[in-house]
Amino acid sequence: MAETRPVASEPVEAWITGIGIVSSLGEGPDAHWDALNGKRVNVDETTFAPYVVHPLSPVSYDAQIPKKGDQRQMEAWQRIGTYAAGLALDSAGVKGNKDILSKMDMIVAAGGGERDLNVDSSILNAEAYGSATPNYLNEKLLNDLRPTLFLAQLSNLLAGNIAIVHGVTGSSRTFMGEEAAGVDAVRIALARIADGQSDITLVGAGHNGERKDMLLLYEFDNFNLRDKYSPVWDRKNNSGFALGSGGAFLVIESKAHAEARGAKPFARLKTVVADRARRKGGGEITASLDGLWSNIGAGEQNTAIITGATGAEPATSEELSFLKKHANVPVRATGSSFGHAVETQFPLGIGLAALSLSRGALYAPNDSTGLEIEMSKAPSQIVVIGTGHWRGEGMALVEAI
């Protein structure tokens, strides 16, 4: 019988006690802090030309996924996510603690699985050259697609692999829906802890940006950054996002649970809110972000903003209109340094916010337009923004402890 918990009469304080990040810049909080302050960017403009991507830095998967058999049966995005989840558990000091892991809840944001490029290419080429018969597509679907391929595409396999490899066996939820899935994963994690329904949760996502099928998909609506890398705010005349490979997971737990095991927090997760503007043109995204800002209780004194702005238009210009209303608040765009990791971008932003608050500083700007300014004082709170390239807006308030 499922365990029932009384709902908390007052919201339970939620602490971020673990951060696991692997990306084009390296792995772990220290490596990322050094790379961001060194304004390092790792981009590949040739492998998938004319498209720009941020490739995953070299990773020894054995460190977090010791069994080669486990690694082989995962697709790249699952290996990346499972690896980042292990880093988060290590960071929180709960790796291998069966008592805690058996009760730890898990919320994952995930996209679809990777495709059989040979089958896709043959179908597209046949259509392009006019050699496809009326039954050609059905024949390919029946004869060329392996049943195991469909199983490998299941979005909840990332959570399944994390449970197998790391032993996280509490409740499990997987959200799909691109950037909005990342927002909702963190929003639900916080809501469950605040209501006393969960004591400790692993939440995050993994993304493989080095995929021809994804580049093709996004190219259908001109979302890809072409030819040459530039920072997010400098793409108005060459709009688009550069897909990035990376994983970001967080361990979020109640203050009481963390204190009982002697855990040191990075920061407090105060609020997460979400919206879905209709986006018919005319400033709906700006209005949505205005509404979210008014609901999270952020001030502008010793406040910073970390945004997952993509560089794709018109969403980025509308978000920029919102940011200009808060011109005194220092801004950092994760897309300039990491590329765009879709579902992973919002958890990544929260991880970087918690890391910055724990270090008592905002990391250096990396922007050629002058929009991103230095922050001389230690931030006391950081607002994380997630504006989807096509749909969905979200915002979180992370506070220093």
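In the predicted model, Asp-90 is partly exposed, since its relative accessibility is 40% and the partly exposed class lies between 20% and 50%. The side chain of Asp-90 meets that of Lys-95 in a salt bridge, with a distance of 3.9 Å from N to O; Lys-95, at a relative accessible area of 33%, is likewise assigned to the partly exposed class. This pair belongs to a set of twelve salt bridges in the structure.

A second salt bridge joins Arg-211 and Asp-213, whose closest N and O atoms are 2.7 Å apart, and here both Arg-211 and Asp-213 are buried. In a further pair, the side chains of Arg-226 and Glu-219 meet at 2.7 Å, again from N to O. The two partners of this bridge fall into separate classes, because Arg-226 has a relative accessible area of 32% and is partly exposed, whereas Glu-219, with 15%, is buried. Salt bridges with shared partners also link Glu-13, Arg-268 and Glu-399 into one network.

Two of these acidic residues, Asp-213 and Glu-219, are found among the buried residues of helix α10, which spans residues 212-219. The other buried residues of helix α10 are Met-214, Leu-215 and Tyr-218. The packing partners of the buried α10 residues comprise two strands, β3 (53-54) and β7 (243-244), together with two helices, α5 (117-128) and α9 (178-194).

A polar side chain is also buried in helix α2, which covers residues 68-72 and contains Gln-71. Gln-71 counts as buried because its relative accessibility is 11%, which is under the 20% cut-off. The side chain of Gln-71 makes a polar contact of 2.7 Å with the side chain of Asp-62, and a polar atom of the Gln-71 side chain lies 2.7 Å from the backbone oxygen of Ile-65. When neighbours within four places in sequence are set aside, the residues in contact with Gln-71 are Tyr-61, Asp-62, Ile-65 and Arg-79.

Turning to the nonpolar interior, the largest core consists of 44 residues, and the members that touch the most others are Ile-16, Ile-252, Leu-269, Ile-350 and Val-398. Helix α15 (residues 345-359) supplies the largest share of this core, namely eight residues. Apart from its neighbours within four places in sequence, Ile-16 is in contact with Leu-250, Val-251, Ile-252, Pro-265, Phe-266, Ala-267, Leu-269, Ile-350, Ala-354 and Val-398. A second and separate core contains 31 residues, including Val-22, Leu-87, Leu-101 and Met-104.

At the level of the whole chain, the model comprises 15 helices and 13 strands. Buried residues account for 57% of the 401 residues, and, among contacts with a sequence separation of 6 or more, 80% are formed by residues 24 or more positions apart. The C-alpha atoms fill a box of roughly 65 × 55 × 40 Å along the principal axes. The radius of gyration of the chain is 21 Å, which agrees with the value near 21 Å for a compact globule with 401 residues. The accessible surface of the chain comes to about 16900 Å², and carbon and sulfur atoms contribute 51% of that area.

Notes. Residues are numbered from 1 along each chain as its sequence is written. This is a predicted model: local features need pLDDT of at least 70, side-chain atom pairs count only at pLDDT 80 or more; totals for chains, interfaces and linings use all residues. Side-chain values use heavy atoms; hydrogens and water are left out. A nonpolar core is a set of buried Ala, Val, Leu, Ile, Met, Phe, Trp, Tyr and Cys residues joined through side-chain atoms within 4.5 Å. Buried means under 20% relative accessible area, exposed over 50%, partly exposed in between (1.4 Å probe, protein chains only). Helices (H or I, at least four residues) and strands (E, at least two) are DSSP runs, numbered from the N terminus. Contact means heavy atoms within 4.5 Å. A polar contact is a pair of N or O atoms within 3.5 Å; within protein, one must be able to donate a hydrogen and the other to accept it, and residues adjacent in sequence count only if both atoms are side-chain atoms. The radius of gyration is taken over C-alpha atoms; the globule rule is 2.2 Å times the number of residues to the power 0.38. Accessible areas come from the Shrake-Rupley method with a 1.4 Å probe; for residues, only the protein chains shown count as cover. A salt bridge is a side-chain nitrogen of Lys or Arg within 4 Å of a carboxyl oxygen of Asp or Glu.
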